[in-house]
Amino acid sequence: MAMTSDSGVAPDRSSSDEQNGVGLMRIVVADKSGIDRLNELGVDLAEYVKPVDNGIEVHAILSPGESQALRDMGFDVQDAISDQGDYAANVAERAATMRAVQALAASTDTLNVLRAEWFTSLDNQLFLNIEVKSSAGTDSTTALTASWDSGAGTEIGSGGTAAMSRFTDAGQYMYHRFSNPVAINAAPTKATITSNKGGSVTVDVSKWLGSPRKVTGDHPYVSDFVDHYMDPTEVTARFTSLAAEFPKLTQLIDLPYKTNGYRRQAQAQFGTATGSIVYVTSKAYGSEGGNDLSMSLVNPGAANAPLTVGVSGNSVTVRLATNGSGTITSTAAQVVASVNGNADAAKLLTASTYRGNAGAGVVAAAAATKLTDNLKAPASVSRDPFQMKVLRIGKHRDGSKVGVFLYCQEHAREWVTPLVCVESAERLLRNYAQDPNTRKIVDDLDIFILPVTNPDGAHYSMYDYNMQRRNMTNYCPASSADPANRNAWGVDINRNFSVGSVYDGYNGGSTSCTSDTYAGPSKLSEPEARNEVWLVDNFPNIKLSMNTHSYGGYFMWPPGAYKTAGREVLPRVDQGTEAFFWTSSDYILSRVQEYRGTAIWPGRTGPVTDVLYSAAGNSADEHWYNRGIIGWDFEVGADVYDPKTKRFTAVGFQPPFAEGHEEAMEFANGNIGILEVARAYATDKIQPKTAVKIVKQEPGATTFTFTTSEPANVYYTLDGSRPTFNSPKLALAGMREGVQNLTVNSNTTVNWFSVDIAGNVESNYKPDGNGKNYNKQTVSVQ
Ligand SMILES: [Zn+2]
């Protein structure tokens, strides 16, 4: 992590047994600026944030030394992931406090309910989610309390009462919400939210996520094709054999940029005291001769001996200098200079002092020590650059069908994610012959599946260091390239893209080569990232994409990054697209839910910047902002709820396979749901229908908006002119709010048309033509 250089605290991840002591730790920060600060320090955060009563809980991969360093900086580093505080007791205590505060409230605020939904999750436990924006929310003392009924006709409060927490991001008030969805006993129909500033509002509570889809037909649908965590070599072999088995439905595409490979230079380190350490790094990769080298530091056993370096075959011998009494006098710096100054030795290896130290300490003699790349994967894992392969699935693979790009495992340690891609591919191919729904998808779409986007890192995660997130390419200078740092190298593929990058000033990526969010030396420096870009550039029919990560149970879309100063977010998607995302969420997440009942929470559904954190230079933003490709993200692995203890538990990156398998199955369902949404988009010929809706009429002012029959953008004029694509477009009122309201102060002719996400224009109107078949209505003012 970047703390190495920023604070002088050396990470201790990699003593003899590097995995010992590195844990998934809970950190509680006051608000999202605390997350931004952790990101800036390069702390290795899980893709998981959770509001807690006194701030936000995040999970970080930390060694004991790193934990201590963060505590020294004032961070509240807590225990390893296990359980969470007693939510019900905390909520009750907060509610009591807030009721007392409410009694003191003076001015009245207005409350805008963003979401009020109930849903079921595992074991049919019911939950309630409410999000409310107070007009007094910028005041940190504003406290909201929600009460709800226990079914139609019952009293408000009969279902329960809970305090809401104030959600801020980059110092700005967002809205109030529950820390977790609240477990309830009966489906509510209405909820009342009251504020200690006097505001009160009662709203209908709707159901989040639909009922399980009815499976029709008498053909069995086959699924469940993964029975163990798979490494990239196995996954790629599986895809290769699928392509061979289904030649009429598939094409195997070799991506043009090979990775650097599961390989690195061999190293050895001499000495333990910082000033007298010398370490050497082979010129050749370990697998290409580096592992055959050895070096010794020899005590000449004579007085007044000079410092000399000799090379014999693969052995480098350093004879150390002595003084008049035969004591060794060579310093680390002198040994480094002699080795690097010897032409034969310098062909084989490079010597360095430790972490930029001047190296004034005298070195100790050492027997011949073999250099090693320290890689432990079996020989079945090639040490050569890796050929990434995409399996293209579709009846018509000629570019005429809408393309969907499903890709997994950008982050190496997220072991469930490649299984989601494997399972998705198997289901499409093995159900094609007998399942009409599968046949529609494969006949009408052009599907590209990349199961492992970071193969070198994934091999490393499986065989060497399980918390590896990045690829294996080491860009560190000698001052941080010593063997003890070998788990801290590599580029975060999902920070290496060109939109909203740390190199453009966005938050959530690092320029430190040892940070777990290292964005690389430049945008798109990595072959893994360039391969993704190559695919979407070469197949412009690709219109939708899904980037599958773990964990936490999220469904997200752009924007995914902001600049910290002023929380300057990448441009939000327009109203029609946002509405399409929410409608799609309902469908896709219902498909996830139908496998074992897991509900992805409303609070974990939305733009990345709204529900997770800023992730500078991520691939979904690359696809959306540069090419208009819908860029979705899954985080598989929703928190598991225990109805006995009434607690949610985070599942982590590598749960026992029994749980990993369930996650793979339910999110493969989600991928099929995405393909069904994509097919509906691809075959949509239905034009949207819209109407003016009067919201409020007061003397001298009428407020109105538009309703639409499906997600669609509305272009309107208020000056009597013909509406075109250059006319004002109905906007969103704000983050997670509904559509904008418009207010006029005199009788006004409204002219408008709408266009859906597939491009169908209402009434077949031609905005760039001369026709008058747009909608017209006069909005009158009293
Ligand atoms: Zn990830």
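The 6 donor atoms around the zinc ion subtend angles of 55 to 155°, so their arrangement is irregular, a label for whatever fits neither tetrahedral (four donors, all angles between 85 and 135 degrees), nor square planar (four) or octahedral (six), which both need opposite donors over 155 degrees apart and all others between 65 and 115. Donors here are N, O and S atoms within 2.8 Å of the metal (3.2 Å for Na, K and Ca), with water not among the atoms. Keep in mind that this is a predicted model, where local features need pLDDT of at least 70 and side-chain atom pairs count only at pLDDT 80 or more. Residues are numbered from 1 along each chain, and side-chain values use heavy atoms.

Which residues hold the zinc ion? E47 and E414 each appear twice through OE, joined by ND1 of H411 and of H549, at 2.0 to 2.6 Å. Because E47 sits in strand β2 and H411 in the loop between β24 and α8, this pair ties together parts 364 residues apart in sequence. Helices (H or I, at least four residues) and strands (E, at least two) are DSSP runs, numbered from the N terminus.

Let's turn to the backbone. The S550 to Y551 peptide bond is cis, with omega near 10°, and Y551 belongs to strand β26. Another cis bond runs from P558 to P559, with omega near 5°; P559 is in the loop between β27 and β28.

Finally, look at two helices. In α9, N437, K440, I441 and D444 meet I672, L675, E676 and R679 of α15, where contact means heavy atoms within 4.5 Å.
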